[in-house]
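Me: I'm new to this structure and would like a close look at one part of it. Please talk me through the loops and a pair of packed helices, and explain the terms as you go.

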Amino acid sequence: MSTLTTIPIEQYLIFCSALFCIGVIGVLIKRNALVILMSIELMINSINLLLAAFSAYSGDPAGQIFVFFIMVVAAAEVAIGLSIVVLIYRTTHSIDIDVLNKLKW
Amino acid sequence: MLTILLILFPLALSLIIFFTKEKRAARAGALAGALVELGIAVTAFIRFRYVCRCELLASADWFSEMGISLKFGMDGIGLLLVLLTTVLTPVILFSASREKGERPPAFYALVLLMESALVGVFTSFDGLIFYVFWELALIPAWFICALWGGDDRIRITFKFFLYTFTGSLLMLAALVWVYVRTPAPHSFDFQWMYAAALSPREQAWVFAAFFVAFAVKIPVFPFHTWQPDTYATAPPSGSMLLAGIMLKMGVFGMIRWMLPICPDAVRLFTPWAMGLAVTGIVYGSVIAIRQDDLKRLIAWSSIAHVGLITAGVFALNIQALQGSVIQMVSHGINITGLFLAVMFIEHRTGTRSIAQLGGIARQAPRLAFLFMLMVLGSIALPLTNGFVGEFLLLIGLWEYSTVAAAVAGLTVIFSAVYMLWMYQRTMLGDAVPATENFADLSWREASLFIPLAVLVLWIGVAPGMFLDISVQDAVQVLNYLK
Amino acid sequence: MILLIILMLPLAGFLVLGGGFRSIPKRVGAVIGTNTILGAFLLSIALFYFHQHLSPSMHQPKGSFVFSLFEWIQAGNLRIPFEFIVDPLTLLMLLVVTGVGYLIHLYSVGYMNDDPGFNRFFAYMNLFVFFMLLLVTAGSFPIMFIGWEGVGLCSYLLIGFWFRNQEYNNAAKKAFIMNRIGDLGFLVGMFLIYTTFGSLSFLPVFAKAGAMPAGTPVLTAITLLLFVGAVGKSAQIPLYTWLPDAMAGPTPVSALIHAATMVTAGVYMVARSGALYALAPFTLTVIAVTGIATALFAAVIALFQNDIKKILAYSTISQLGYMFAALGAGGFTGAVFHLTTHAFFKALLFLGAGSVIHAMGGEQDIRRMGGLRKKMPITAFTFLAGTLALAGLPPLSGFFSKDEILLALFGRSPLMWGFAAAGALLSALYMFRMLFLAFFGRFRGTDEQDHHLHESPGVMTFPLVILALAAVAGGLLNLPGWTGTEGKLAGFLDPVFSVFTSSSVTHHLSPSTEWILMGVTLAAIVAMIAIAWRRYGRGEEEPATEVTPGALRRLAEEKFRIDELYDRVVIRLLLWLSRFLHDTIDRRGIDRAVNGAGAAVVRAGNTFRFIQTGNVGFYMFIMILGILAILVTNILL
């Protein structure tokens with residue numbers, strides 16, 4: 001445990017925040033549906049890391065347990081997301097999200 | 001027991017008729033049902049007057065945790081209005097069967113549903129149930145106007161619906177607020193609501209909400225702009241239902257719910273309310289003079305008359321309040337009679353435009369006489385029903401404010417002006433192209449007027465019978481304002 | 001009891017004739033229509049004797065009976081029973097209304113013989129008599145008001161009897177509306193009475209009022225308001241213009257309603273409420289001034305009219321003015337006396353005019369008449385009697401009644417007497433002008449009319465004769481003191497009026513003054529007659545040049561253009577206001593606001609819908625913004 005705590009928590013914070021922001025930007029900017037899904041994964045993983053770090057630093061195992069939950073949920077979400085992308089590709093032959101603009105005014 | 005029957009019977013009959021395929025059976029069933037309903041109401045009246053003055057209460061719990069119970073009953077004022085409803089509905093149904101084209105069963109079902117809802121409004125002693133029936137009355141009104149109305153009916157009916165609905169929502173908000181303020185356990189029961197402890201500021205807001213809701217329904221100037229269009233576009237039965245009975249819901253709501261719940265606010269805002277009401281009287285009368293469409297003219301005259309009734313509610317003395325009650329009944333009868341006459345005229349000549357009419361009296365003396373009788377009731381000739389109400393109202397107004405009464409008294413002159421002018425241009429003089437082949441009323445058609453005519457004279461000559469019924473409850477209402 | 005039958009008879013007549021007016025043959029209708037009134041008259045006489053011979057203990061004080069039928073309207077402290085009063089004043093009015101009414105009904109059988117609406121006519125006439133009787137027997141203000149408005153209604157129905165003519169209908173409508181304007185004053189007066197005295201019945205109100213000092217503002221207000229009602233009903237300035245127009249109705253209608261009965265309702269009301277008026281000297285002055293002004297004004301207009309009925313109409317207005325002037329001067333008995341004699345001779349004159357019009361085949365312009373006395377002797381003679389009575393020549397009734405009024409006025413103010421006397425002179429002038437132009441000289445109409453001229457049938461001349469007798473002998477009712485016999489009428493009415501006239505509203509003059517005044521007026525009147533004879537009696541056409549300058553004459557001929565003034569000021573204004581309120585305020589103001597609310601919602605919706613771009617990326621962007629916003633506000637608050 002002590003080795004883990006030699007790195008100050010602020011570095012974890014900054015690192016995870018940076019990862020999260022990269023993920024957010026990826027979601028917002030990218031047009032490729034698969035890349036968006038990957039960015040979402042990036043966001044999730046950054047959160048996982050931060051949770052684990054806080055858990056280690058405060059000695060509360062609840063954080064790490066929660067990480068497991070998140071990983072399960074993320075897996076399920078990715079499965080569904082990818083299947084939706086596959087279905088969309090089958091109908092529109094593209095994975096560009098700008099193609100999906102029919103539900104408008 | 002009688003009360004519940006009064007509400008449920010037309011409701012059930014309405015459902016049955018709605019699913020009937022055979023038009024004639026539907027019509028006959030509806031007419032018979034309305035007459036039975038009238039019989040029940042008269043029984044209740046006789047019991048109320050001669051046997052015991054009990055309120056015929058009946059209650060059952062519904063959501064007792066929330067404090068909502070199904071409490072119904074008829075006190076004097078409610079009884080009079082229920083009588084009005086049950087007397088006018090058969091007339092309206094009978095007249096509907098004379099309208100252009102056969103009406104489908106759904107129409108009769110809707111009228112009966114409306115009757116049920118109206119009776120429900122007048123007999124609810126639980127605030128939320130009152131609201132439920134209030135809104136319930138709006139539904140058949142919407143359908144009747146939108147499906148069988150005249151020009152531009154969808155837009156006008158929508159406007160009518162949204163306008164009154166907005167008001168009703170305000171009323172709901174007020175009711176809920178008062179409910180929250182009733183002593184624990186909270187209840188919508190009327191006695192609990194009367195006992196709610198409201199601070200003056202709260203009362204002001206509650207009053208405002210109630211007032212807007214009722215003012216739109218009645219209508220009181222300046223919330224009246226939906227009314228002329230709606231009355232003109234609605235089918236004749238629709239106009240009779242709306243003008244004859246439905247608008248009385250608003251006045252009734254004021255008397256039963258608004259006055260006792262926020263008395264301090266009422267006293268505070270009476271000058272304003274009175275001002276609006278009296279303005280409406282003059283405003284409506286003056287505009288009525290120049291109208292060309294017969295139904296519009298009657299609509300504007302109605303605004304004037306109900307302005308007087310509303311002013312009477314706010315005068316806060318027994319004469320004015322009794323005047324309001326009896327005038328509600330009288331107005332319902334008179335305006336139904338007027339619309340009935342207009343229906344025959346429009347039916348026979350195809351137009352409602354006064355400019356295109358004339359000389360009908362020559363060919364149709366029966367219609368001329370009956371129409372004249374309704375006109376006289378409308379302009380409050382002594383010995384007609386209109387006079388009793390108007391006299392009580394004006395004298396009650398006078399006790400409150402001489403200026404208000406003097407201004408309101410102008411209705412005496414103006415009503416004669418527009419009514420007689422209208423009558424002269426449509427009925428008197430020589431026949432014009434549109435009225436050359438005007439057939440007089442058959443005995444069956446004339447008989448539609450008979451209950452109305454009888455009541456016009458009965459209430460005019462011997463109003464004591466009716467005034468006696470409501471006087472104790474009117475005094476009670478005023479006591480809440482002390 | 002008897003009273004109720006008296007009232008119910010004409011009502012029954014109305015119902016029967018009204019219900020079956022198409023099916024009942026004319027003869028039966030005539031019998032029903034006239035005999036209801038005859039029955040009422042006979043019963044009135046019976047009531048009269050009954051009243052006289054009843055032992056005093058059965059009377060309430062002052063010889064009046066009050067009884068009530070049932071509670072009409074009741075709310076809180078307000079109680080209005082259906083109550084009636086029988087006292088000398090009532091009895092007098094009953095006799096006049098039913099008596100003169102019967103004669104007019106009888107006359108109408110002949111006059112309306114050719115009219116298809118025969119039964120309808122009698123139905124309306126009977127209804128009118130019913131309401132009039134209700135008015136004079138009412139024991140409280142609201143009950144009187146029922147009769148008051150009721151006669152207004154019947155007046156409307158009868159003026160517009162020939163309803164195919166829109167001009168007539170306009171006249172009827174005008175009458176009703178002007179009446180209504182007065183009625184509003186009556187109503188407001190009633191309200192004030194209620195709030196002041198707590199009751200609306202005559203006896204309690206008068207008793208309480210008697211306790212108040214004279215000149216109390218409330219009393220003045222009440223009396224003024226009630227007088228407004230009288231102004232409308234009895235056609236005084238400024239609400240008189242309906243009466244000349246009302247001549248559109250059949251002539252018997254004019255005789256009954258607009259000469260003998262309805263228009264006198266105002267006078268009756270003031271007389272009945274004398275207890276109130278005696279304590280409001282200001283109002284009395286107003287009444288007197290209005291009366292005299294009206295009397296004079298109408299007389300001037302009458303002088304320049306050429307329609308026989310219009311002359312009589314303005315004459316009625318003028319005579320009513322005299323009655324009010326008498327009331328204003330405190331001469332209550334004089335006013336009522338003149339009411340009675342006026343009923344006699346004015347009805348007579350109208351019926352005579354009716355005969356003339358009938359004989360002339362509908363012609364009403366006196367310039368086209370002339371020399372009628374040769375072909376219609378009875379009519380001419382009775383007409384002469386009526387004219388003499390109106391002009392005020394002794395020993396006819398009009399002399400005594402008019403004189404009593406003039407004397408009362410002189411006692412009040414010599415100036416008033418002067419104006420009134422001037423009016424009397426004009427009355428003589430225009431009446432004799434009419435008489436001479438119509439009945440003397442040579443005939444100026446068409447040949448066709450000449451052939452048609454005939455005396456009226458007996459059923460029409462009989463009432464004329466009776467009325468003429470009444471007009472001549474009516475003076476016996478109330479001979480003034482100097483003849484040695486006590487005024488019977490004054491004595492009869494004394495119980496009613498002495499309650500308040502003892503407060504010295506009346507003035508007494510010395511006999512010599514009386515003689516002088518009488519002599520002067522008499523001489524002047526004779527002079528007027530002479531002038532009229534010279535100008536018109538010779539049978540010449542109207543002279544082309546007149547004494548008065550052209551402009552004034554034209555103005556008077558056109559009734560001083562008052563009708564046009566009213567039209568401009570009141571009617572046009574009202575119509576403009578109606579249009580203005582409707583188009584500008586309602587349509588463009590309020591309705592715009594309401595519809596605007598709806599439109600605003602639609603517009604907002606139209607703007608906001610563009611957020612739905614359909615672009616998923618955009619949605620995600622907004623979503624993230626939203627989350628950030630929530631976080632930020634959470635931290636801030």
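Reply: Helices here are DSSP runs of H or I with at least four residues, strands are runs of E with at least two, and both are numbered from the N terminus. With that in hand, start in chain B, where Asp152(B) sits in the loop between helix H5 (127-148) and helix H6 (153-181). Asp152(B) isn't a glycine, yet its phi is positive, about 55°. At 43% relative accessibility, Asp152(B) is partly exposed (buried means under 20% relative accessible area, exposed over 50%, partly exposed in between, using a 1.4 Å probe and protein chains only).

A quick word on the ground rules. This is a predicted model, where local features need pLDDT of at least 70 and side-chain atom pairs count only at 80 or more, while totals for chains, interfaces and linings use all residues. Residues are numbered from 1 along each chain as written, chains are lettered from A and ligands numbered from 1 in the order written, and side-chain values use heavy atoms, without hydrogens or water.

Now over to chain C. Helix H6 (residues 166-197) packs against helix H8 (residues 217-233) at about 155°, with axes 7 Å apart. H6(C) is therefore roughly antiparallel to H8(C) (over 145 degrees; under 35 is roughly parallel, 65 to 115 roughly perpendicular, the rest oblique). Those axes are lines fitted to C-alpha atoms, for helices over the stretch in contact, and the angles run from 0 to 180 degrees between N-to-C directions. H6(C) and H8(C) make a left-handed crossing, meaning the near helix is turned anticlockwise from the far one by less than a right angle; clockwise would be right-handed. Among the residues in contact are Gly182(C), Phe186(C) and Gly189(C) of H6(C), and Ile222(C), Leu225(C) and Gly229(C) of H8(C); contact means heavy atoms within 4.5 Å. This contact counts 14 nonpolar, seven polar and one charged residues. Ala, Val, Leu, Ile, Met, Phe, Trp, Tyr, Cys and Pro are nonpolar, Asp, Glu, Lys and Arg charged, and the others, Gly among them, polar.

Follow H8 of chain C into the loop before H9, and you'll meet Ala235(C). Ala235(C) has a positive phi near 55° without being a glycine, and at 0% relative accessible area Ala235(C) is buried. That loop, leading to helix H9 (242-245), also holds Pro238(C), which is joined to Ile237(C) by a cis peptide bond with omega about 0°.
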